[in-house]
Amino acid sequence: MRKTNLILVACLHLFCLAVILPGCQTHKTTPAPTLVWQIEVTKFEIMNNLSAIESVTQYNGSKIDVAHAQSPDAGNVYLIINVIIHKEDNQSTASFDWQQLVVNDGSGNSYHRLANDTFLEQYQYTPRITGLELRFGENSGWMCYEIPVSVATGKLTLVYTAEESQQEITLQK
Amino acid sequence: MKQRIFYIIVPIIIILAIAASVLFSGVLVMPTKATLANATPVESYDILEYQYQRELNILSDYANGSYTPQNPYIIQDPYKANPLSALILFETAEPAQVTATVIGKNQYATFTYSMDGFTTHHEVAVLGLYPGQKNQVDLAIIYQNGQEKKYEQFLQTEPLPYDFPNLAVQVSKPEKMEPGVDLMISCLDTNYTYMLDANGDVRGYFSNKNFGHCTAMRVLKNGRLLTTGDVEKLMPYNMYTLWEMNLLGKVFVEYEIPNAVHHDIIELDNGDFLAASNNANMPLGYDTREDVVIRIDRQSGAVTQQYDLRQILDDNRKPYNHYDPGVLNAPNRDWAHTNSVAMDEGDNSIIFSSPIQSAVVKFNADTHEIDWMLSSPEGWDGKFSQYQKYLLTPIGENFEWQWGQHSVKILPDTDGDSNTIDILLFDNGQARSYTQANSINPVNNYSRAVIYRINELNRTVEQIWQFGKELGSGAYATFLGNVEKMQLTGNFNIDFGGMLRQDGVPLDDIVQSVIGRQQVQSRVVEVQQKGEVVFDVSVTPNNSSDAETYQVRKMDLYTAAMRYLLGDSKGQRKGDVQSSEPTSYNLPNFFIPRITLNFKQIYQQNGNLILQGSFLYNGKSYMLGKVLFVLKNKDYQYIFAATPGLNGNFAARFDLNDVQPGEYAIYVAGGVVNGMDALGKVNFGYNPTGYKIQVK
């Protein structure tokens, strides 16, 4: 293969990587040594809105597509995170307090999990993790935050501030 | 030239020979290490084990701390079954009795529950929390010396699921209503079973949509709820298991019923159960369904009596009805659709309801001889004229026959006449005729609750009360529904359970609803005997849900079923497990990848593989079709047939006890039929499911 062709192929690969990588979001965990509750982010997505098409068969046998859509408040996006929350220290009496789990942006603003994110399951984010206080064991699933679109491209961290479980997980895009 | 032909033909022959040997060796459908490595393992699950382990986990976590009434241990939704429930655990230094009160919007929605006796260890069940808000729960601690202390707790709950049906309360007069909550029982697995208070607020629901389908839930004498479990034998509601449970979701006993149970179960005086059921060989080894009444021994869980209704009625009588799916050569005819059973223990007789035959029949439990039949005389002529002698003669004014009825109950005697028996039932009114020609259009039809007084000596029937006709088609429910007369107030709770509507216009097509092609709504009305409506709630679909209400049952939120301690006992399993043995089938030696599966359940339990779901063929759903599941590794292959339902649904429980230990890939094979003839031409498919199973 000629040298120019090799350069062309390499450029093509680099271009493909540049196109694909922004769609593949990873995360970076700052590990803490002896935590009561260990949080692991397995995946996260930022969505301008959610939509789903449900194919519904009608009374006469014909099919129609029923569109479901869900949008955040104007100027916001959804931050949808899949987590595993595991109680590491089974001797501890500390429960997992959802109020202490927030998303911080680079400007020092904090965002709490939506009070009602049951809609996630309609858009195939299943299972959704319960919003009830956790007491023990491994708990996993999707949860949803709403953040301003202006901070969505900046640094985002998932922060748990409860005693003996301080954690900060960078959501790296 | 000959040489050129030789050089062309020989390689072709060799290639064909190699291809044939590869094809016939089966290597193309052999699971590889890679496919097994990438497959999802089928997990083990047993609700009794799971719940017991949850209890032990709660106790273990509780043991780490020192909990008092001021600072109790609270776990919400302890069994992951009812998100609007909780357990509060704590110790008191001295023996004390605890009373818990869940504060409601008013006195009729406030629930109080006192624990038995004086103890130092306390486990308080909390039921009736509101969704999506901070709930106040008061604990009153009364010591043996009479000293009383009160503590407040606040429990934040989650909102209702996105697909919870819409509830619109039209009338609520709590002061005139029967106390308790309305248990709203679902029929389809797209809906929830939930509890409403007198204001029409949701105060509990079961997150598992797979149990209790279309079958009565009854409060037993021990305070537990009796319901069908979540292992399906035949879509959409013939269930292999029964559960004795409480409203936290704890299952105390699971009964395995080979015949499967549907529509109705009642507790007899001696504690045994009487249930609407099937021949145990249904559906793959018997040609009709839902036409057997069984008696279940409470101690052993065994089926001790089977009353075959084909020996009592002629199963060839074909009234015009809307239960018929219109399938030619259907493998399991549904000629009776038995939906209600009652027992008159005074004369040892059984009463059953067949909505398809629009007949309520009383027969002797020993001789199986019919005593009487409550049914319009239409259609009981010609070759069915031998039944005319059992028909009752109507007397009195405003008499109307029932059609497609549900929920038959014997009422307590009110006239002091030992020759009469009062029967309460829900008259759906479906068609209101034996023939299509005389049938009533649903837009002009109505449903109602009705009391008939039957004089068993004179062989007469009199209509002595009804409610519902005055609501017209606005409450017409082609199918589902019930009525119960309540003890304290004498009010009637009426469920217009299966109201099929398109753009607000009543329809009659039940089959489209049952297979998920037509949404359904419902309406529950509590009415005084004099006709005053004291509660009226409409239930309509929301998002993907259905909004049928199979039955409504007024019940106390707190019963004796809450009085137990965590970890004291694991739920018991009784009865006989029925599961399918391997079958034989000529599978191709290559894949025909046409089948897509959507599992609602797939798990192992005690040597069985349990599957439930639906499938598409080439991305489309077909009314008629069936699937087989193939367990395959390099040494062994086992083929199991799933039980088909309409529209691609299937259910299965496979016996793995004779399967050689090892890891198996799971494949699916099967076909669909164009049209509505079950014997029509089959389009076949065969492909991996993406699952694997480890058999021990």
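Where is the place of Pro179(B)? I found Pro179(B) in the loop between strand E8 (166–172) and strand E9 (181–185) of chain B, and I note at the outset that I am reading a predicted model. I then looked up its surroundings: Pro179(B) counts as partly exposed because it has 14 C-beta neighbours inside 10 Å, and a residue is called buried at 20 or more and exposed at 12 or fewer. I also checked one distance, and the C-alpha atoms of Pro179(B) and Thr99(B), which are 80 residues apart along the chain, are separated by 19 Å.

**Domains and the first helix of chain B**

I looked up the domain assignment of chain B, which gives domain 1 (1–27), domain 2 (31–46 + 579–695), domain 3 (67–156) and domain 4 (166–324 + 333–575). For domain 1 and domain 2 of chain B, I read a distance of 35 Å between the C-alpha centres. I next took helix H1 (residues 2–25) of chain B and compared its expected and actual span: at 1.5 Å a residue its 24 residues should span 34 Å, and the end C-alpha atoms are 34 Å apart, so the two agree. When I counted buried residues among the 24 residues of H1(B), the count was zero, and I recorded the helix as hardly covered. After H1(B) comes Gly26(B), for which I noted a positive phi near 80 degrees.

**Nonpolar cores**

I found that the largest nonpolar core has 180 residues, and that those with the most contacts inside it include Val126(B), Leu374(B), Ile423(B) and Phe629(B). Strand E3 (residues 86–102) of chain B gives this core its largest share, nine residues. Apart from this core I noted another, of 31 residues, with Ile80(A), Trp98(A), Leu101(A) and Tyr123(A) among them. Returning to Leu374(B), and leaving aside its neighbours within four places in sequence, I listed its contacts as Ala359(B), Val360(B), Leu392(B), Ile423(B), Tyr452(B), Ile454(B) and Val461(B).

**A hairpin in chain A**

I followed strand E9 (residues 156–160) and strand E10 (residues 167–171) of chain A, which pair in the antiparallel sense over five bridges. Within this pairing, I looked up Leu158(A) and found Ile169(A) in E10(A) as its bridge partner. The hairpin of E9(A) and E10(A) has six residues between the strands, and there I noted that Glu164(A) takes a positive phi near 65 degrees.

**Contact between the chains**

Lastly I looked at the contact, which takes 18 residues from chain A and 20 residues from chain B. Sorting by class the side of chain A that touches chain B, I recorded four nonpolar, 10 polar and four charged residues.

How values were computed
Residues numbered from 1 in each chain as written. Chains lettered and ligands numbered in written order. Predicted model: local features only at pLDDT ≥ 70, side-chain atom pairs only at ≥ 80, totals over all residues. Contact = placed C-beta atoms within 7 Å. Nonpolar A, V, L, I, M, F, W, Y, C, P; charged D, E, K, R; others polar. Pairing = 2+ DSSP bridges. Helix = DSSP H or I, 4+ residues; strand = E, 2+ residues; numbered from the N terminus. Core = buried A, V, L, I, M, F, W, Y, C linked by C-beta atoms within 7 Å. Domains from an automatic or database assignment. Expected span 1.5 Å × (residues − 1).
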